[in-house]
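User: I would like to learn how to read salt bridges and unusual backbone angles in a model. Could you take me through them step by step?

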Amino acid sequence: MSDIEISLDAEAPLSKKELRRIKKGKTTLEEIQKKKAKKLAKAAQSGDNKSQPVSVDKSESTDSTATPNTTTTTTTSTTFQPAKRSNFGVWIGNLSFETTRDELTNFFISKMSIEKSDIARVNLPTRGSKNRGFAYVDFFTEDHLNSAIGLSESELNTRKVLIKNANSYEGRPEKASATANASKNPPSRILFVGNLSFDTTETMLRDHFNHCGEIVKIRMATFEDSGKCKGFAFIDFKDIEGPTAALKDRNCKKLIGRPLRMEFGEDRSQRKVVPKDSTTKHEIDTEPTIDSSNVGPSRGFQAKNDRPAKRHQPQRNDVRLTSSVALANAPRQSAAIVKSTGKKISFD
């Protein structure tokens with residue numbers, strides 16, 4: 001039989017889940033090692049609180065004369081302490097995907113004439129082996145923060161980086177309201193509910209939306225033969241607050257296990273009806289009278305009385321009918337048996 005050798009100093013292999021996350025680019029090997037170091041540090045601290053650990057040299061532990069019942073524990077001299085985020089941080093954008101953490105640190109050290117200890121934290125999010133194009137750098141003082149913001153538009157790896165205060169959200173577009181994202185129609189007191197189950201009833205709809213506001217009427221489309229729901233309905237609330245509350249409430253987005261499609265409906269009572277005027281307005285042409293004695297001869301000017309009268313064109317009644325109308329009004333031949341009026345001729 002061959003002996004099996006076990007190395008206690010070797011690191012634990014990565015699990016299938018960790019390998020899968022690294023392959024998809026959701027994490028890196030460094031982040032996994034940091035997490036494991038945190039767990040080991042916490043385990044060591046908890047062990048210190050319970051019992052005093054005994055440090056044993058490796059040469060002594062591997063000695064053949066050591067008794068098998070002796071239990072020893074080893075502690076790490078240094079524990080992992082992640083950098084804390086400060087109130088004086090900057091956001092750096094437009095970074096090259098090849099930029100590393102050391103290059104970013106050396107950029108601020110060379111430009112600001114500071115030491116590495118003046119930088120509190122450098123957070124460079126990565127996706128796989130490359131960064132995501134932005135980073136966060138924290139300092140200890142406000143003077144360093146203002147100096148770093150002044151380096152905006154400076155070149156780093158042939159790209160002009162953009163540096164802004166990490167706590168300032170100036171220039172960002174405002175987020176649209178929840179009702180604006182949920183409905184494309186203007187707000188009204190009518191709520192359209194779609195993707196309903198065929199087993200839905202008006203009582204279910206009333207119980208489902210009753211907490212949003214006072215419901216005046218429910219108009220649910222149904223089949224004529226079975227009377228079941230066609231899959232959509234209109235709910236009339238007393239005011240606009242009812243449909244608005246229904247669009248914001250997450251509990252209203254599902255009914256009988258189906259996700260509902262809700263939008264503001266059209267309120268027909270708010271339509272502006274333009275009355276049609278039956279009487280036609282005739283414009284009366286009024287022209288000022290012009291004294292011909294005071295007006296000199298002008299080319300092309302004629303008085304109203306001297307203008308030739310327009311020829312009256314009689315209205316044409318011989319309007320050509322369309323082919324379909326002419327065919328419909330055409331006389332039809334009788335289908336009855338026509339009596340013969342010819343003479344019978346016989347041949348010898």
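Analyst: We begin with how the model is to be read, and then turn to charged pairs and backbone angles. This is a predicted model, in which local features need pLDDT of at least 70 and side-chain atom pairs count only at pLDDT 80 or more, while totals for chains, interfaces and linings use all residues. Residues are numbered from 1 along each chain as its sequence is written, and side-chain values use heavy atoms, with hydrogens and water left out.

User: How many salt bridges does a search of the whole structure find?

Analyst: Side chains of opposite charge can pair when their charged atoms come close. The criterion for a salt bridge is a side-chain nitrogen of Lys or Arg within 4 Å of a carboxyl oxygen of Asp or Glu. Searching the whole structure gives seven salt bridges. One of them joins the side chains of D138 and R121, at 3.0 Å from N to O. This pair links distant parts of the chain, 17 residues apart, with D138 in strand β5 (residues 135-139) and R121 in strand β2 (residues 119-123); strands here are DSSP runs of E of at least two residues, helices are runs of H or I of at least four, and both are numbered from the N terminus.

User: Are D138 and R121 buried or exposed?

Analyst: Relative accessible area is read with a 1.4 Å probe on protein chains only, where buried means under 20%, exposed over 50%, and partly exposed in between. D138 counts as buried at 2%, and R121 is likewise buried, at 17%.

User: Which parts of the chain does the salt bridge between R219 and D236 tie together?

Analyst: The side chains of R219 and D236 meet in a salt bridge at 3.0 Å, N to O. Because R219 lies in strand β8 and D236 in strand β9, the pair ties together parts that are 17 residues apart in sequence. R219 is partly exposed at 33% relative accessibility, whereas D236 is buried at 9%.

User: And what is the sign of phi in N157 and in N195?

Analyst: Phi of N157 is positive, near 55°, in a residue other than glycine, and N195 also has a positive phi, of about 60°, although it is not a glycine. N157 sits in the loop between α5 (142-149) and β6 (162-165), and N195 in the loop between β7 (190-194) and α7 (202-209). With relative accessible area of 32%, N157 is partly exposed, and N195, at 34%, counts as partly exposed too.
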